[in-house]
Amino acid sequence: MTAPRYPLATTTWDNAEYEALQSVITSGRFTMGPEVRAFEEEFAAALGARRAVMVNSGSSANLIALTAAVVNPDIDLSPGDEIIVPAVSWATTFYPAHQLGLRLRFVDVDLDSLNMSAATVAEAITTATKAILAVNLLGNPAELVELSKLAAERNLVLIEDNCESLGANVDGRQAGTFGLAGTYSSFFSHHIATMEGGLITTDDEYTYQAMVSLRAHGWTRELPNDNLIHPKTGDAFDDLFRFVLPGYNVRPLEMSGALGRQQIKKLPGLIAGRRTNAKLFVERFAGRDDVRVQREHGESSWFGFSLVLEGRLAGRRADLVNALADQGIESRPIVAGNFTRNPVMRYFDAEVPATLPAADKIHTDGLFLGNHHYPIERELDLLLSVIDGI
C-alpha cells in the first residue's frame with residue numbers, strides 16, 4: 001500500500017517516547033501508577049490548571065467530567081435537566097449526556113468559526129437549562145469568555161469539550177480551563193499522542209476528587225484520608241473496596257502516562273509548527289469564492305484545516321474527495337457533520353431546532369485535511385492544484 005502524499009495524521013514520537021515505553025516495561029508496573037500521576041501534574045501545570053485527571057480516552061474524559069458535575073451536591077444538574085450542545089461535534093460529546101439522563105438541546109453553529117456562539121446559546125436557554133457543553137472544534141476556541149460570563153449570569157454549569165483543541169487559547173488563557181472542567185484527547189491523531197488517552201482539567205477540588213473516584217470504580221482507594229467525597233473508615237484493608245459513587249473503570253495504562261510526560265514537553269513546539277502551517281494555509285486560501293475556511297477565534301491550535309465548499313464547488317464534495325484520494329491526499333468529514341442527522345438520535349431525549357442551516361451545510365459540503373507539526377508547503381500546493389482542477 002502506497003503511503004499518502006498528504007496524510008491526515010503522523011507520529012510525533014522519537015526516541016524519547018520509545019525509551020519511556022521501555023522504562024515502563026523494565027519496571028514491570030503496567031497499570032496506572034507513578035508515571036500517570038506525574039503526567040497529570042505536568043499536564044495541569046502546562047495548562048495553568050490546578051488539577052488534571054488522566055483516563056483512557058477523550059470520550060471517557062467527557063463521561064467522567066459530566067458525571068462529576070451530576071454527582072456534585074453543590075451543582076444543580078440532574079437527570080431530566082437540559083444541556084445545550086452544538087449540532088456539529090463528535091458522537092461522544094453527546095453520548096455521556098444521554099447516558100446520564102440529561103436532555104440534549106441542540107443549537108446551530110457559526111459557519112465561519114464552526115463553533116456555537118454565545119448569542120445562539122443565550123437564545124436557546126429555557127427554564128429547564130442547567131448546563132452548557134461548549135465544543136472547541138478543530139483547534140479553534142469557541143467564544144469562551146462570553147460563554148463563561150453567560151454561564152455565571154444564568155447559574156449554569158459550563159464544561160468544555162476541548163479534545164481537538166489542546167494548546168489553543170483566548171486572551172492568554174488556555175482553552176479547556178474556562179468552565180468547571182475541560183476535556184482533552186491524546187489519541188494518535190491529536191496534538192499529543194499517548195497511544196490511547198484522555199484528560200480532564202479542573203480548578204475545583206470536589207470535581208477533581210470525584211473524577212479520581214469515578215475513574216476507578218467509584219471507590220475511595222485513591223482519595224486522601226481527609227477527602228470531600230466520603231469519609232474513609234480508617235481501616236486500610238476495608239478502604240480498599242469501599243464504593244461511594246456510581247463509577248466506571250476508565251483508567252489509563254502506565255505506558256500512556258510515561259508517553260504523555262515526553263509529549264507534553266514537546267507541546268509548545270508542536271503547536272508552533274501547526275500555527276506556521278496554518279498561516280500559510282489561510283494566506284493560500286484567502287479571497288476564494290469556492291471554499292470557506294475556518295475563522296480563527298483567539299489563537300487556534302489548528303487541529304486540521306476545514307473546507308466548506310461554495311460557489312462552483314457546492315454540492316460537489318464527492319468529486320473533490322475522489323480527486324484528493326487519487327492524488328494521495330487524505331480527507332474526512334468535518335467531525336460528524338450535523339450530528340442530529342444520525343440514526344442514533346432515536347435513542348436521545350433531545351430538542352432539535354426545525355432548521356440547522358449551518359450544520360446542514362457543513363454536513364453536505366464540509367471536509368477537513370490534516371495539519372502537522374512539520375512544514376507542509378508542498379502538500380498545500382498539491383491541495384490547491386487538485387481543487388483548481390475540479
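Two strands count as paired if DSSP finds at least two bridges between them. The strands themselves (E, at least two residues) and the helices (H or I, at least four) are DSSP runs, numbered from the N terminus. With that in hand, take strand β10 (residues 291–292): two bridges join β10 to β11, and the two strands run antiparallel.

A quick word on what you're looking at. This is a predicted model, where local features need pLDDT of at least 70 and side-chain atom pairs count only at pLDDT 80 or more, while totals for chains, interfaces and linings use all residues. Residues are numbered from 1 along each chain as its sequence is written, and side-chain values use heavy atoms, with hydrogens and water left out.

## The four-strand sheet

β10 and β11 belong to an open sheet of four strands, in the order β10-β11-β14-β12, with antiparallel pairing. At its edges stand β10 and β12 (331–332), each with a single partner strand, so one side of each has no neighbour in the sheet.

On its other side, β11 is joined to strand β14 (residues 366–370) by five bridges, and this pair is antiparallel too. Here are some residues of β11 with the residues they stand opposite:

| Residue in β11 | Opposite residue | Strand of the opposite residue |
|---|---|---|
| Leucine 309 | Valine 291 | β10 |
| Leucine 307 | Leucine 367 | β14 |
| Serine 306 | Phenylalanine 368 | β14 |

Is β11 buried or exposed? Buried means under 20% relative accessible area, exposed means over 50%, and partly exposed is in between (1.4 Å probe, protein chains only). Six of the six residues of β11 (residues 304–309) are buried, so the strand is largely enclosed by the rest of the structure. Both faces are covered: Gly304, Ser306 and Val308 are buried on one side, and Phe305, Leu307 and Leu309 on the other. Helix α8 (residues 254–285) lies across β10 and β11, running at about 20 degrees to β11.

## The eight-strand sheet

There is also an open sheet of eight strands, with mixed pairing and the order β1-β9-β8-β5-β4-β2-β3-β13. Its edges are β1 (51–55) and β13 (350–351), each with a single partner strand, so one side of each is left without a neighbour in the sheet. Within this sheet, strand β4 (residues 129–135) and strand β5 (residues 157–161) pair in the parallel sense over five bridges. Alanine 131 has valine 157 in β5 as its bridge partner.

Two helices to look for next are α2 and α7. Helix α2 (residues 34–47) packs on the sheet and touches β1, β8 (181–185) and β9 (198–202), with its direction at about 130 degrees to that of β1. Helix α7 (residues 205–215) packs on the sheet as well, touching β1 and β9, and its direction makes about 15 degrees with that of β1.

Now try helix α4 (residues 91–99), where Ala91, Thr92, Thr93, Phe94, Pro96 and Ala97 are buried. What covers these buried residues includes α3 (58–71), β2 (82–86), β3 (103–107), β4 and β5. Just after α4, glycine 101 takes a positive phi of about 80 degrees.

## Helices meeting helices

Axes here are lines fitted to C-alpha atoms, for helices over the stretch in contact (heavy atoms within 4.5 Å). Angles run from 0 to 180 degrees between N-to-C directions.

How do α2 and α8 pack, and at what angle? Their axes are 7 Å apart, at an angle of about 35 degrees. The crossing is left-handed (the near helix is turned anticlockwise from the far one by less than a right angle; clockwise would be right-handed). Among the residues making the contact are Phe39 and Phe43 of α2, and Gly257 and Ile264 of α8.

Phenylalanine 39 sits in helix α2. At 0% relative accessibility, phenylalanine 39 counts as buried. Leaving aside neighbours within four places in sequence, phenylalanine 39 is in contact with Met54, Ile192, Leu199, Gly257, Gly260, Arg261 and Ile264.

Finally, the axes of helix α9 (residues 317–326) and helix α11 (residues 377–388) come within 10 Å and cross at roughly 135 degrees. That makes α9 oblique to α11 (under 35 degrees is roughly parallel, over 145 roughly antiparallel, 65 to 115 roughly perpendicular, and the rest oblique). This crossing is right-handed. In it, Leu320, Ala323 and Leu324 in α9 meet Leu383, Val386 and Ile387 in α11.
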